[in-house]
Amino acid sequence: MPGISSHRIMSARTLRSAADLAHAGLLPADAMEAAARVGTRYSIAVTPAVAALIDRADPADPIARQYIPHPAELLTAPHEQEDPTADAPFTPVEGVVHRYPGRALLKPLLACPVYCRFCFRREAVGADGGVLGEPALEGALGWFQRTTTIREAILTGGDPLMLSPRRLGAILRRLEAMPHIELLRIHSRVPVAAPDLVTPALAGALGAVTKPLYLCVHANHAREFSSAAVEALGRLHRTGVVLLGQSVLLRGVNDSTEALEALFRAMLRARVKPYYLHQLDPAPGTARFAVPVEEGLALLRAVRGRVSGLAWPTYVQERPGGAGKVPLGPAYAGS
Ligand code: SF4
């Protein structure tokens, strides 16, 4: 696969099957067959860094719950949709999603270091998810070049930090050379899920960007901020990249006041400003993670009294059909 250095895509030690997980003690032998069936539909990947965070003695471990396949993933609830954020109808050229005025997504690859069981792009991302080939990438960059209303280019995927530093650096240079692009943003799970990929070369590629560069780090539990993750984030912070945190409210992972407070505090200690807490998007087979909005609002109200404003993200939900994000509250004025 061009553009991803071999160690970035296929670390020999990343667990990529039900058998790998069972062998590592992360899946009971009697759950292997069902997990293998899930694996034929949705990719599996658990990096060594994530595997080390899982408490094998805890059947309800919040880290394991995010990554270990479960038979319920093969059951699609009536309200669940293959493309819940409706990327497809807003794709003017391959690799680009243009849903909002002034900003657009560039998806240079569809591979991730880990595969989250609640992923809203789970029908698109996966081990087969390649890098945009040269003609498609040129087409996507050409779209950004001629669409002069775009001020913010957002790299997502998949996970853009899986690209080789050289290829990522080249894409960032092309984008920042466009006079109308004022801001660059990258969404990534790499700093917490595969902190070893945050090499000096990768930090150098991000640090070479001269326009404002924001990195949105996806993390859902305080324990994801391991010492290696905090070190990787520190390396990125020192290059001048602004670090923001985005999380998904997930049943069994962070659906308590204590878990959310610990998560937001862990982010701040790692120099990451909590930015968005997302309501779960209804992707197929993700119902076991759903937390009702009313419960989310009550949790955030409770957290609000315990943390400073710095630790306070905006709680948001994607409206169906690609109609955009709405802040959910809680509201305070007059309440
Ligand atoms: S890292 Fe992001 S895109 Fe990749 S599987 Fe997880 S939620 Fe989906």
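## A walk from helix 7 outwards

Let's start inside helix 7, where Pro165, Leu168, Ile171, Leu172 and Leu175 are buried. Those residues cover an arc of only 130° around the axis, which puts them on the same side of helix 7. Keep in mind that what you're looking at is a predicted model. As for what sits over that buried side, the cover includes helix 6 (134-146), strand 3 (152-155), strand 4 (183-188) and helix 9 (200-207). The helix itself runs over residues 165-176, and its 12 residues should span 16 Å at 1.5 Å a residue; the end C-alpha atoms are 16 Å apart, which agrees.

From here, hop over to helix 6, where you'll find Glu138. Is Glu138 buried or exposed? Somewhere in between: a residue needs 20 or more other C-beta atoms within 10 Å to count as buried, and 12 or fewer to count as exposed. Glu138 has 14, so it comes out as partly exposed. Now compare Glu138 with Ile171: 33 residues separate the two in sequence, and their C-alpha atoms are 9.9 Å apart in space.

Next, head along the chain to helix 12, residues 293-304. Helix 12 has 12 residues, and from first C-alpha to last it reaches 16 Å, close to the 16 Å expected at 1.5 Å a residue. Its buried residues are Gly296, Leu299, Leu300 and Val303. Look down the axis of helix 12 and you'll see these buried residues fall within an arc of 95°, so they line one face of the helix. What do they pack against? The partners are helix 11 (257-269), strand 8 (314-319) and strand 9 (324-329).

There's also a ligand to visit. Around the ligand you'll find Cys112, Tyr115, Cys116, Cys119, Arg121, Val125, Gly158, Asp159, Arg189 and His218. Sorted by class, that shell comes to 5 nonpolar, 2 polar and 3 charged residues.

Finally, step back and take in the whole protein chain, with its 12 helices and 9 strands. Its radius of gyration is 19 Å, close to the 20 Å that the globule rule gives for 335 residues, so the chain is as compact as a globular protein of that length. The C-alpha trace spans about 55 × 55 × 40 Å along its principal axes. Of the 335 residues, 44% count as buried. And if you take the contacts between residues at least 6 apart in sequence, 80% of them join residues at least 24 apart.

Conventions:
Residues are numbered from 1 along each chain as its sequence is written. This is a predicted model: local features need pLDDT of at least 70, side-chain atom pairs count only at pLDDT 80 or more; totals for chains, interfaces and linings use all residues. A residue is near a molecule or strand if its C-beta atom, placed from the backbone, lies within 6 Å of it. Ala, Val, Leu, Ile, Met, Phe, Trp, Tyr, Cys and Pro count as nonpolar, Asp, Glu, Lys and Arg as charged, and the others, Gly among them, as polar. Helices (H or I, at least four residues) and strands (E, at least two) are DSSP runs, numbered from the N terminus. The expected span of a helix is 1.5 Å times one less than its number of residues. The arc is that of the directions from the helix axis to the C-beta atoms. Two residues are in contact if their C-beta atoms, placed from the backbone, lie within 7 Å. The radius of gyration is taken over C-alpha atoms; the globule rule is 2.2 Å times the number of residues to the power 0.38.
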